[in-house]
Amino acid sequence: MFQKNKRFQQNLNIFLTLFWCIISIIFPAVNALSQSAGNTESLRERISINQGWRFFKYDSISLTDKLIYDVRPEVADRQENRVADARPTEAVGLQTSQKILKPWILPSGNDFIKDPAKRFTRPDGNPGGDFLFIREGFDDHSWESVDLPHDWAIKGPFYEGWDAEVGGGMGRLPVHGVAWYRKKLDIPASDKGKSIILEVEGAMSYAMVWFNGQMVGGWPYGYNSWQLDLTPYIKPGGANQLAIRLDNPNHSARWYPGGGLYRNVWLLKTHPVHVSQWGTFITTSGVSLKEATVNLEVAVDNEMDKDADVEIITRIYALDKEGKRDEQLVAVFPTAKALIAAGENSSVKCSVVINGPKLWGPQPTKVPNMYVAVTKVMLNGKVIDNYETPFGIRSIKFDPQNGILVNGEKIPVKGVNQHHDLGALGAAFNARAAERQLEILREMGCNAIRMAHNPPAPELLDLTDRMGFLVMDEIFDSWERKKTPHDFHLIFPEWHEQDLRAMIRRDRNHPSVIIWSFGNEVGEQYTGEASGMVANRLHEIVRDEDTTRPATSAMNFAKPDMPLPAELDIISLNYQGEGIRQAPEFEGTDRIRTPPQYPAFHAKFPGKVILSSETASAFSSRGVYIFPVTADNSSPVRDGRGGDSKIAQVSSYELYAVDFGSSVDKVFASIEKHPFVAGEFVWTGWDYIGEPTPYYSSRSSYCGIIDLAGFKKDRFYLYQSHWRPDLPMVHILPHWNWPERIGEITPIHIFTSGDEVEVFLNGKSLGRKKMGHYEYRLRWDSVKYEPGEVKAVAYKKGTIWAEETISTTGAPAKLKAFADQSNMQADGKDLAFITVKVTDEEGNVVPRSDNLIEFNIEGPGEIIATDNGDPTDMTPFTAKKRKAFSGLALAIIKAETGKTGKITVLVKSSGLEGEDVVVECR
């Protein structure tokens with residue numbers, strides 16, 4: 001019976017698809033009609049309102065207004081250079097008689113609270129309505145004019161010194177404070193009767209919104225996306241005043257959070273009957289190359305004062321590599337019908353079988369094919385809403401012995417953690433900058449991203465879909481116990497359900513997202529049964545929203561016999577797989593000390609996949625080498641052991657890590673010795689602003705495989721050699737400019753995807769060495785430095801595989817500059833990244849050069865930032881003059897909106913031959 005029903009459904013689907021294909025060929029006008037049937041003004045509009053905002057930030061916390069969300073505890077301990085795995089502590093109890101606006105904000109999340117009895121009732125009144133900045137007639141022309149996305153802190157200046165107001169943990173930038181954004185919106189009279197919705201993809205933080213002088217609502221968590229209904233406050237036929245207040249507390253994060261409306265902001269206009277916020281959910285089942293079943297759930301809101309009898313029609317089209325829709329129809333879902341009561345919402349479900357589907361999968365072995373489901377809502381025979389849902393068809397299996405299988409193929413996770421900032425651009429999201437990060441990671445062999453430790457910009461997931469990365473999507477860094485005095489623990493009790501459900505509903509249709517994570521190294525690990533109770537509550541929310549993906553929480557302390565791991569679908573370990581602080585020097589410490597845990601967790605949970613959500617946390621400063629070099633394959637950083645606290649730099653021999661971490665070599669060996677481990681997410685792919693362990697006098701981290709400017713550290717090639725074994729490559733370190741070390745021991749290390757290497761110094765062989773089992777580098781540790789040429793010849797199975805040569809360079813003589821793209825779009829969003837190299841007369845990069853470089857620009861563009869990847873450089877990112885660091889510097893340029901022509905970037909430095917770079921703006 002089941003087979004007959006299935007066959008009937010398949011035949012019906014084929015008939016419907018062929019019917020619509022024939023109709024669209026014979027009657028092309030039908031397609032146009034289907035796009036615009038009925039009152040076209042009622043169809044969904046999503047309008048960017050990023051341009052033309054006015055911005056004001058108070059100079060001091062003491063001068064701010066009193067429109068607070070809630071009171072916060074006093075900061076008694078300002079110390080921030082604690083080790084990253086310090087034990088979180090209990091929340092501080094608070095009482096206040098001060099008026100707070102929280103009761104008016106909490107109802108904004110009611111749609112994400114499942115139990116109606118737990119939803120919040122908005123009090124009467126209009127708090128803040130008489131405040132100057134909220135009034136429609138207030139003159140804000142003296143305020144700064146800004147476009148979004150906007151990070152108010154990134155332009156600096158940096159705070160320096162140990163008594164700085166904002167220390168190294170949050171990036172030494174002025175992220176803290178209270179600020180206002182205002183914008184007039186022209187709402188035409190024709191919009192009367194429509195639903196008008198404000199959509200904010202990210203606001204840092206404690207956002208509160210007024211519209212036409214009326215309190216609308218808000219959202220405190222700075223990383224989530226949210227919507228507010230402006231409809232009750234709209235004045236059609238004229239200007240409408242939007243005012244948004246943000247409050248970003250100091251001591252609220254362990255890294256740089258940025259500040260402001262740092263992601264895109266939209267105005268949605270819909271018919272009162274429309275697809276709900278993130279109201280579609282697509283899953284796939286029975287996936288094979290032959291066929292796949294696509295399951296669709298659509299939720300529709302009825303905001304009219306009468307019942308709505310609607311039809312819902314959804315068609316599937318393929319998307320090309322650029323995300324553009326193919327006009328050829330792939331499939332049509334059966335028409336669904338729903339009678340929705342006034343003021344209510346209703347959901348419908350339907351399925352369709354696609355024959356010969358193009359599957360989504362991670363590169364390089366698979367192709368990230370994408371589709372789009374186009375849903376039309378019809379009322380009284382007219383199309384009143386049009387909603388598009390991109391999705392992919394793929395099968396994911398989590399096997400405790402073999403790890404993760406995508407479409408039947410085992411895919412070892414070769415992943416990295418990424419914080420949300422984009423280096424010199426700060427937290428303000430830019431798609432091209434994010435794409436560049438992913439491109440460089442992909443070149444290394446990376447195939448997965450963990451969003452540490454918060455929901456990303458939605459456009460970043462669009463990129464991971466299109467580029468074929470696997471994603472662990474994460475929501476919280478803390479639960480009820482705090483890591484910093486003003487972090488998320490303050491709002492967790494009242495907002496964890498809304499935030500968790502919002503993230504899942506927003507991101508659940510992305511095929512790249514394969515795992516949900518609802519916590520990272522939370523303090524509840526230390527609390528026994530309490531940890532299991534909180535984890536269970538969060539896990540039940542995830543299951544209620546999505547049963548197709550496993551959920552987890554990253555553990556750096558919890559052991560197999562503790563309550564927390566029992567509540568997780570996947571065992572997600574931070575550093576525990578390799579063991580934490582196992583060297584004799586850590587005996588007697590009060591810090592976490594843990595023997596290697598892969599076998600213990602595998603024995604306790606044989607039915608669960610084990611994955612390392614954070615590995616390594618290795619440190620280095622690009623191009624800096626410190627002697628002597630440890631003989632160990634992994635070492636903590638100390639003065640004289642890979643570190644130099646006087647210059648606040650770490651050696652790039654890539655053997656040094658945070659105390660609780662491990663070198664790359666040690667991690668690789670540990671994972672290979674335990675083949676049931678599904679893979680790793682390295683801490684981190686790119687350097688990021690803030691958390692500059694081990695030197696909190698600095699501005700940015702040392703743990704990235706790629707530095708803050710996007711320049712590859714030596715570690716990049718170590719990962720590439722292991723993650724891309726079929727790529728012929730060999731890499732030599734260190735550089736060979738050591739005039740002060742003539743005759744001194746200067747080790748040569750080699751990273752290669754080959755299995756054997758011979759090294760030559762000035763033509764003389766230093767020997768040929770073969771890679772041993774669980775070895776990932778070859779070392780010549782007794783080489784005495786002499787200037788000249790070092791050559792490495794790599795072999796694989798006895799045949800020459802790759803070669804590299806480095807030489808002692810001459811003095812700096814020239815600047816060599818190039819752009820990452822020769823053509824850019826004049827859309828005000830596209831960027832070009834200009835790399836500058838300080839070279840000698842022969843064109844070789846002078847690896848220890850730090851010449852001051854000046855950038856100028858001609859044509860329809862602007863220089864928006866510069867950098868060099870040096871964690872200690874306190875030059876503002878907006879500066880047009882910057883020293884090279886280890887021979888390199890970077891400038892980022894943006895084209896002016898709507899202006900075409902040539903942009904010329906002029907690069908010069910005193911005493912050196914300069915160079916110009918031309919980028920065509922289209």
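In what order do the six strands of the open sheet run? Before I answer, please keep in mind that everything I show today comes from a predicted model. The order is β3-β2-β4-β9-β6-β7, and the pairing is antiparallel. At the edges we find β3, residues 144-146, and β7, residues 214-219, each of which pairs on one side only. Going from one strand to the next, the twist averages 25 degrees.

Let me stay for a moment with the β7 edge, where strand β6, residues 207-211, runs antiparallel to β7 and is joined to it by five bridges. If you want a residue pair to look for on the screen, take F211, whose bridge partner in β7 is Q214.

From the β3 side, I would like to turn to a salt bridge, in which the side chains of E136 and K235 meet at 3.0 Å, N to O. E136 sits in the loop between α3 (102-105) and β3, while K235 sits in the loop between β8 (226-229) and β9 (238-248), so this pair ties together parts that are 99 residues apart in sequence. As for the overall count, the structure holds 51 salt bridges.

Next, the helices. Helix α4, residues 431-444, packs against helix α5, residues 458-467, at an angle of about 40 degrees, and their axes are 10 Å apart. Angles under 35 degrees would count as roughly parallel, and α4 and α5 are therefore oblique to each other. The crossing in which α4 passes α5 is right-handed. On the α4 side the contact is made by A431, A434, E435, L438, E439 and R442, which meet L460, L463, T464, R466 and M467 in α5. By character, the residues of this contact divide into six nonpolar, one polar and four charged.

Finally, I come to a set of strands at higher residue numbers, with β49, residues 901-909, as the one to follow. β49 pairs with strand β45, residues 852-858, in the antiparallel sense over five bridges, and within that pairing E854 stands opposite K908 of β49. β49 is also joined to strand β50, residues 912-921, by eight bridges, and these two strands again run antiparallel, with V907 standing opposite E915 in β50. What is the sign of phi at G911, in the hairpin of β49 and β50? With two residues between the strands of that hairpin, G911 takes a positive phi, near 85 degrees. As a last remark for anyone inspecting these strands, side chains in a regular strand alternate between the two faces of the sheet.

How values were computed: Residues numbered from 1 in each chain as written. Predicted model: local features only at pLDDT ≥ 70, side-chain atom pairs only at ≥ 80, totals over all residues. Heavy atoms only, no water. Pairing = 2+ DSSP bridges. Helix = DSSP H or I, 4+ residues; strand = E, 2+ residues; numbered from the N terminus. Axes fitted to C-alpha atoms, helices over the stretch in contact; angles between N-to-C directions. Parallel < 35°, antiparallel > 145°, perpendicular 65-115°, else oblique. Left-handed = near helix turned anticlockwise from the far one by under 90°. Contact = heavy atoms within 4.5 Å. Nonpolar A, V, L, I, M, F, W, Y, C, P; charged D, E, K, R; others polar. Salt bridge = Lys/Arg side-chain N within 4 Å of Asp/Glu carboxyl O.
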